[in-house]
Amino acid sequence: MNEKTIAFIGGGNMARSLIGGLIADRHPAAGLRVAEPDAERREALIADFEVQAFQENATAVRGADVVILAVKPNRVADVVRELAPQIQAQGSLVISVAAGVRCADIDSWLGGDRPVVRAMPNTPALVQTGATALFANAAVSNEQRDLAETILRAVGLIVWLDDERDMNAVTAISGSGPAYFFATMEAMQSAGESLGLDARTAHLLTLETALGAARMALESAEDVDELKRRVTSPGGTTAAAIDELEAGDLAGAYHRALHAAARRAEELGQELGDQ
Ligand SMILES: NC(=O)c1ccc[n+]([C@@H]2O[C@H](COP(=O)([O-])OP(=O)(O)OC[C@H]3O[C@@H](n4cnc5c(N)ncnc54)[C@H](OP(=O)(O)O)[C@@H]3O)[C@@H](O)[C@H]2O)c1
C-alpha cells in the first residue's frame with residue numbers, strides 16, 4: 001500500500017481529510033498527488049502535508065495507481081470523461097467519494113469494464129470519526145479492494161456492501177445521520193435552556209452526554225435497547241421523559257425520516273446519472 005501512488009481530483013474538505021488520515025497512517029507524502037484548480041488551496045495542501053499539488057487533473061493522474069474523485073457530485077461526469085483515456089491506459093483504480101453518483105455511471109463514463117469503487121463517507125470523516133460504506137464493481141480485484149479499504153479506513157469505520165442499491169439506505173442512516181443528531185442536540189439544548197440553564201451549560205451537557213452515550217453503546221456488549229432499559233427505572237425521571245418521546249412517536253418519526261432520505265437519494269442518483 002505504501003508504495004502506491006494516489007491522485008486526488010479536487011483538493012477540498014474530503015480530500016484534505018483523507019490525505020490527513022493517510023499521512024497519520026504513515027503513507028509517504030511523496031505518493032500523494034492532488035489536482036486542485038484553486039492556487040491558494042494548492043499552496044495550503046503543499047504547506048500542510050508536503051504532497052504534490054497540480055492545477056491540471058491529467059498531470060496529477062499521470063502514473064497513479066488510484067484516482068480518487070473528490071469533486072462535487074455534479075462535476076464527476078465531466079472530470080471522468082476528461083480523464084477516461086488516461087485512466088484506461090494506466091489501468092488505475094477509480095474511487096469515488098461523490099454522494100449519489102453510481103458505480104455503473106462512472107464506469108460507463110470511463111468507457112466500461114473499469115475497476116470502480118464507490119464510497120459513501122459522512123462529515124465526521126473530517127475529524128477522522130467517519131462511517132463509510134464501500135461498494136466495488138466486478139472489475140475490482142481483491143488487491144484493489146484492500147487498497148480502497150485501507151484508504152477509507154484512514155478516516156474511520158468502513159463497511160462493504162454487496163448490493164449498490166443499499167447505498168440509498170446508507171445515505172439515509174450514516175450519510176445524512178450526523179444532521180439528525182445535531183437536530184436532537186439542538187432540541188435538547190433548547191429544552192435545557194427552557195428549564196433555566198444558561199446556553200453554554202446546556203450546550204456542554206448535551207454534547208458530552210451525546211458523546212458518552214455513543215461511547216458506551218460502542219464499548220458495551222449489550223444492545224442499545226438493554227442500555228436504555230438499564231437507565232430507565234420504572235417511575236423515575238428517565239421513564240417520564242421516554243414516555244413523552246414515545247407518545248410523540250419518536251421511532252415512527254425516524255422511520256419516516258430515513259425512508260424520505262433514501263427516496264431522495266434514489267432520485268438524486270438518477271438525476272446525476274442522466275448527465
Ligand atoms: N465533506 C464531506 O463531509 C463529505 C461527505 C460525504 C461525501 N462527500 C463527497 O466528497 C466530494 C467532495 O466534497 P468536499 O466537501 O470535499 O467538496 P469541496 O470542499 O468543495 O472540494 C471539492 C474541490 O474540488 C475542486 N474542483 C472543482 N472542479 C474541479 C475539477 N474539474 N477538477 C479538479 N478539482 C475541481 C473544487 O474547487 P472549486 O471550489 O473552485 O470548485 C474544490 O476545491 C463531494 O462529491 C461530496 O459528495 C463529502
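How far apart do the C-alpha centres of domain 1 and domain 2 lie? In this predicted model, in which local features require pLDDT of at least 70, side-chain atom pairs count only at pLDDT 80 or more, and totals for chains, interfaces and linings use all residues, the two centres are 33 Å apart. Residues are numbered from 1 along each chain as its sequence is written, and side-chain values use heavy atoms, with hydrogens and water left out.

Domain 1 spans 6–171 and domain 2 spans 175–266, with bounds taken from an automatic or database domain assignment. Seven residues of domain 1 are in contact with six residues of domain 2, contact meaning heavy atoms within 4.5 Å.

The ligand is surrounded by 22 residues, each with a heavy atom within 4 Å of it. Met14, Glu36, Arg41, Val71 and Arg75 come nearest. By class, the shell comprises twelve nonpolar, six polar and four charged residues; Asp, Glu, Lys and Arg count as charged, Ala, Val, Leu, Ile, Met, Phe, Trp, Tyr, Cys and Pro as nonpolar, and the others, Gly among them, as polar.

Polar contacts to the ligand (pairs of N or O atoms within 3.5 Å) involve several of these residues. A side-chain N or O atom of Glu36 is placed 2.6 Å from a ligand oxygen atom, and a backbone N or O atom of Met14 lies 2.7 Å from an oxygen atom of the ligand. For Arg75, a polar side-chain atom is 2.6 Å from a ligand nitrogen atom. The protein buries 80% of the 880 Å² that the ligand exposes when taken alone, with accessible areas computed by the Shrake-Rupley method with a 1.4 Å probe.

How values were computed: Polar contact = N/O pair within 3.5 Å; in protein donor to acceptor, adjacent residues only side chain to side chain.
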